[in-house]
Amino acid sequence: MLVDVEKSTPRFQPQKQPQYDLVCIGFGPASLAIAIALHDRAVDARVLYIEKQRSFIWHAGMLLPNARMQISFLKDLATLRDPTSKFTFINYLKSKNRLVAFTNLSTFLPLREEYNDYMSWCASHFEDDVQYGFETTSVKAVNNENGPIETWQITSKNTETNQSSTITARNVVIAIGGKPKIPIAITGLESHIVHSSSYSVAVPQILKATSKPHSIAVVGGGQSSAEIFNDLQTRYPNSSVSLFTGASALKPSDDSPFVNEIFDPECVDDFYHLPPSSRQQSTLSNKATNYGVVRPELLDRLYEAMYHQRLHEPDPRKWQFKIVPWREVVGVEKDGERIRLRLKNTSTGETSISDHSFDLAIFGTGYERKGHETLLQSTRGMLQGGKFSVERDYRVKYRRDMVNERSGVWLQGCCEDTHGLGDTLLSMLAVRGGEMVDSIFGSQAQRRARL
């Protein structure tokens, strides 16, 4: 059964029973997988999910037309943990009366738009447990005069009114995702700079006239940048678009079956127990699975478009759509109503200013995943070794004499250094959600799972 969570915020009383057994900060795919695992195992617990968005949505800025997932639908939020769960992608299709039609597509890769709808469908089952429109600002330990800490104080603010409220919980999961990263100073140029995470939402508001001949730069050589470069050619057909990458060329992602085994759930154990130097070496050697790479089918499509330009115009300098290798964007300068890019030649180290000015630059430059450190800043003095490191079960390593073993804080989506390249990906979530429930609720969850 689903857990009914009281929507109001009771008063904070430090020495009394915490209001919740578990509070998950952030209600994206990671917390949703935990909610599903709790439901499937019928764990009787008081649980609350706090989410700053007004409703569930996954990567709203990159829900592009015809963009497909990069993982099999079988790696959904439930199947690999429990294929009989009501929250499998197959059951979602059945409930939407599209199961037979989907099988006719003969694909394991659903549209990204459809997968977002699947996760939204899952999230709709937990609406009574989610506090939308609240952004958590801090997680603090509540002093326990009788021994180690057993309760955490979570402070959040209403994103519309800025009014703060405080609740308490025995256990906390922080799954807030990444913060968009733009690796240059953009103060005063915000109207000309967009991160890929907000692409399809922000760009139409800035460049309203789709038929106007805009000049647009795309920065980055990964999947998001390539998808945006491809999408701009139809969204703004009369515009000139240049993609800048510091690499020698756009490079293909490696999703071959042997390499893909690094994303198998059981491989997390092996990776975690490697020496730190071996972890770094493994991550570097498998970087082509996830970072700065593009799906081969999209590369083929882009190359065909480039070839079509070459067919009609042999001089690449005159092309409407350009891919510029060996150029890292290291700065932006105002140029009237436009901007120019400061470029570093990654083969020689020389810097220069772009020949052309741009109305807009879109950065597909990834995310920072350190938000948990800000939320937990007041607990830094309790850490083992002074660092926010985690156990194999994702529990933050606090000093054992300071935090009761029945209480703790867990991190999700920011543990790549210790848990491998799959840590930020969807493919791990079904199994990991079950592991989190086992770690937090122990024998109660494991007993129910065996029934």
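This tour moves through a predicted model, stop by stop, naming what to select and what can be found there.

**The main core**

Begin by selecting Phe 27, Leu 32 and Tyr 398, which have the most contacts inside the largest nonpolar core, a set of 76 residues. Next colour helix α1, residues 29–40, since this helix gives the most to that core, with 8 residues. Apart from the largest core lies another one, of 27 residues, and Leu 64, Val 194, Leu 250 and Val 294 are among them. In soluble globular proteins, nonpolar side chains tend to be buried together.

Return to Tyr 398 and display what surrounds this residue, leaving aside the neighbours within four places in sequence: the contacts are Trp 152, Leu 376, Thr 379, Met 382, Leu 383, Gln 384, Phe 388, Val 403 and Val 409.

**Where α1 meets α13**

Keep α1 selected and add helix α13, residues 429–441; the axes of these two helices come within 8 Å and cross at roughly 65 degrees, and the crossing is right-handed. To see the contact itself, show Pro 29, Ala 30, Ala 33, Ile 34, Ala 37 and Leu 38 on the α1 side, together with Leu 429, Arg 432, Gly 433, Gly 434, Met 436, Val 437 and Phe 441 on the α13 side. Sorted by class, this contact holds 10 nonpolar, 2 polar and 1 charged residues.

Staying in α13, pick Ala 430, which counts as buried because its relative accessibility is 1%, below the 20% cut-off. A distance drawn from the C-alpha atom of Ala 430 to that of Leu 77 comes to 4.4 Å, although the two residues are 353 residues apart along the chain. Beyond its neighbours within four places in sequence, Ala 430 is in contact with Asp 76, Leu 77, Ala 78, Thr 79, Leu 80 and Arg 81.

**Strand β2 and its partner**

Now select strand β2, residues 47–51, where 5 of the 5 residues are buried. In a regular strand the side chains alternate between the two faces of the sheet. In β2 both faces are covered, with Val 47, Tyr 49 and Glu 51 buried on one side and Leu 48 and Ile 50 buried on the other. Adding strand β1, residues 20–25, shows a parallel pairing with β2 over 4 bridges, in which Cys 24 has Tyr 49 of β2 as its bridge partner.

**Two residues with positive phi**

Follow the chain into the loop between β2 and α2 (89–95), where His 59 is placed, and check the backbone there: His 59 has a positive phi of about 45 degrees although it is not a glycine. His 59 counts as partly exposed because its relative accessibility is 40%. Asn 66 lies in the loop between β2 and α2 as well, and this residue, also something other than glycine, has a positive phi near 70 degrees. Buried or exposed, which is Asn 66? Asn 66 is exposed, because its relative accessible area is 68%, over the 50% cut-off.

**The five-stranded sheet**

Turn next to the open sheet of 5 strands, which can be traced in the order β8-β15-β9-β10-β11 with parallel pairing. Its edge strands are β8 (193–195) and β11 (321–324), each of which pairs on one side only, and neighbouring strands are turned by 20 degrees against each other on average, direction ignored. Within the sheet, select β9, residues 215–219, and β15, residues 360–363, which pair in the parallel sense over 4 bridges; here Val 219 stands opposite Phe 363 of β15.

Then add helix α5, residues 199–206, which lies across β8 and β15 and runs at about 160 degrees to β8. Tyr 199, Ser 200, Ala 202 and Val 203 of α5 are buried, and the buried residues of this helix pack against β8, α6 (223–235) and β15.

**Last stop: Pro 325**

Finish in the loop between β11 and β12 (327–335), where Pro 325 is placed. Pro 325 counts as partly exposed because its relative accessibility is 29%. The C-alpha atoms of Pro 325 and Phe 244 are 6.1 Å apart in space, with their positions 81 residues apart in sequence. Leaving aside neighbours within four places in sequence, the contacts of Pro 325 are Thr 245, Ala 247, Ser 248 and Ala 249.

Methods:
Residues are numbered from 1 along each chain as its sequence is written. This is a predicted model: local features need pLDDT of at least 70, side-chain atom pairs count only at pLDDT 80 or more; totals for chains, interfaces and linings use all residues. Side-chain values use heavy atoms; hydrogens and water are left out. A nonpolar core is a set of buried Ala, Val, Leu, Ile, Met, Phe, Trp, Tyr and Cys residues joined through side-chain atoms within 4.5 Å. Buried means under 20% relative accessible area, exposed over 50%, partly exposed in between (1.4 Å probe, protein chains only). Contact means heavy atoms within 4.5 Å. Axes are lines fitted to C-alpha atoms, for helices over the stretch in contact, and angles run from 0 to 180 degrees between N-to-C directions. A crossing is left-handed if the near helix is turned anticlockwise from the far one by less than a right angle, and right-handed if clockwise. Ala, Val, Leu, Ile, Met, Phe, Trp, Tyr, Cys and Pro count as nonpolar, Asp, Glu, Lys and Arg as charged, and the others, Gly among them, as polar. Two strands pair if DSSP finds at least two bridges between them.
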